[in-house]
Amino acid sequence: MPRTSAVECPGCPPVRALTFDVLGLVKVIEAREKQRTPRVVEKWGEPDSSRCVLAASINDRKSDPLVAVARKNGLIEVLSPVNGDVRASISNVIDAGIRCEDDAFVGLHLFKKQRSCTLLTCTTKGNARLQSIEVPDSPLDSQSSGSPINWNVCASGSILFSKVGGNEKYALFGGKNVEVNVWDLDKCTKTWTAKSPPKNSLGIFTPTWFTSATFLSKDDHRKIVAGTNSHQVRLYDISAQRRPVISFDFRETPIKAVTEDLDGYTIHFGNGSGDLASVDIRTGKLLGSFIGKCSGCIKSIARHPELPLIASCGLDCYLRFWDIKTRQLLSAVFLKQHLTNVFFDSNFSDEGVAGSGVDPSRIEGQDVSEVLDGNEEETVLLKRKKSSKGKDESEKLKVKKRSKKNHR
């Protein structure tokens, strides 16, 4: 048997995170000051594979925050991240002759700087739509306000991702056989398209296959970081050139998730084999890999807006919290289903939640491993040890009595 060593997780600071999975469930995970081990406190929705969450976006404003989810069946739902109530629900089917599975969602953005609920969606065939919807008291009364704006971002190939910049004026798209391109959302026109790198010394050309991308800074849309299927991370500068300014390889599997840090030059990315790392994109220097191996593809990475903390999730069904400075694993929560997205709730307050409490009856269908904390596990182990000791002592007394009777 190979020797294994258990890694002790110190726990994470008070946080609140929302996860989305392939069965359409939205789970709320919280860690508090007194209980530093994250656990599932709420679960919204019923398990249904046709309602798989393909893309999600959050508007975590202080007053009336919203979360938008794009599902596999073609529905877009606007939820409340506080209690999970459905505020609006609309269908995003553009062509009635195309099935939702054939033209699935790959990107969704809920605009934050506009008063109305405005959404940008994109599908695998490049059908982008910009629309505003009304958020009534009843989700049955939800409808689009005004005519939506539709356009196509690619003539051929498959779109795999879309991302909107911090100023919400520009969006980027890319995918298989589709170069990274930037669009002006006010005019719905293409402003920049990347150019493939030249052939290497052996004359081998790397096919275009982008898997994820993000803007390097929320205030500047000119610098873009993209990950490729050929395990490359590339930095593009729109104002300088069309080809990548910096490009480097990372391990041997495709880059699946990329997110920017708050400093404007550090990026965190994960690949298909569960490796998570940080890079200073100014020089391309690898700052280090995060300690603790993930056993599945990383699908989403979220950066906490205030704390030095990131969260990652993927196909191994675990939500993990990492310390950015030490790159150590703080805690991990097993959530049963393959996860697709994760977001932090920046308005979470440990003081406000501690007084309200969570109704345990709302946590239905969860394993004991999800809710059981470390202290309870220790008490159970101590009881088992005491009971085993009591059994041994009773057996010894029985043996002594038998031996005395035999001597007589």
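Me: Before we start, what do buried, exposed and partly exposed mean here?
Reply: Buried is under 20% relative accessible area, exposed is over 50%, and partly exposed lies in between (1.4 Å probe, protein chains only). This is a predicted model, where local features need pLDDT of at least 70 and side-chain atom pairs count only at pLDDT 80 or more, while totals for chains, interfaces and linings use all residues. Residues are numbered from 1 along each chain as its sequence is written, and side-chain values use heavy atoms, with hydrogens and water left out.

Me: Ok. Is C9 buried, exposed or partly exposed?
Reply: C9 counts as partly exposed, at 38% relative accessibility.

Me: How many disulfides are there?
Reply: The structure holds 0 disulfides, a disulfide being a pair of cysteine sulfur atoms within 2.5 Å.

Me: Why no bond for C9?
Reply: Because the closest cysteine sulfur, in C12, is 9.7 Å from that of C9, too far for a bond.

Me: And where is the nearest cysteine sulfur to C122?
Reply: In C154, 7.3 Å away, and C122 is in no disulfide. C122 is buried, with a relative accessible area of 0%.

Me: Switching to sheets. What is the strand order in the open one?
Reply: The order is β8-β9-β10-β11, 4 strands with antiparallel pairing. Strands are DSSP runs (E, at least two residues), numbered from the N terminus, and two of them pair if DSSP finds at least two bridges between them.

Me: Which strands stand at the edges?
Reply: β8 (105–110) and β11 (149–152); each has a single partner strand, so one side of each lacks a neighbour in the sheet.

Me: How many bridges join β9 to β10?
Reply: 6, between residues 117–123 and residues 127–133. T118 has S132 in β10 as its bridge partner.
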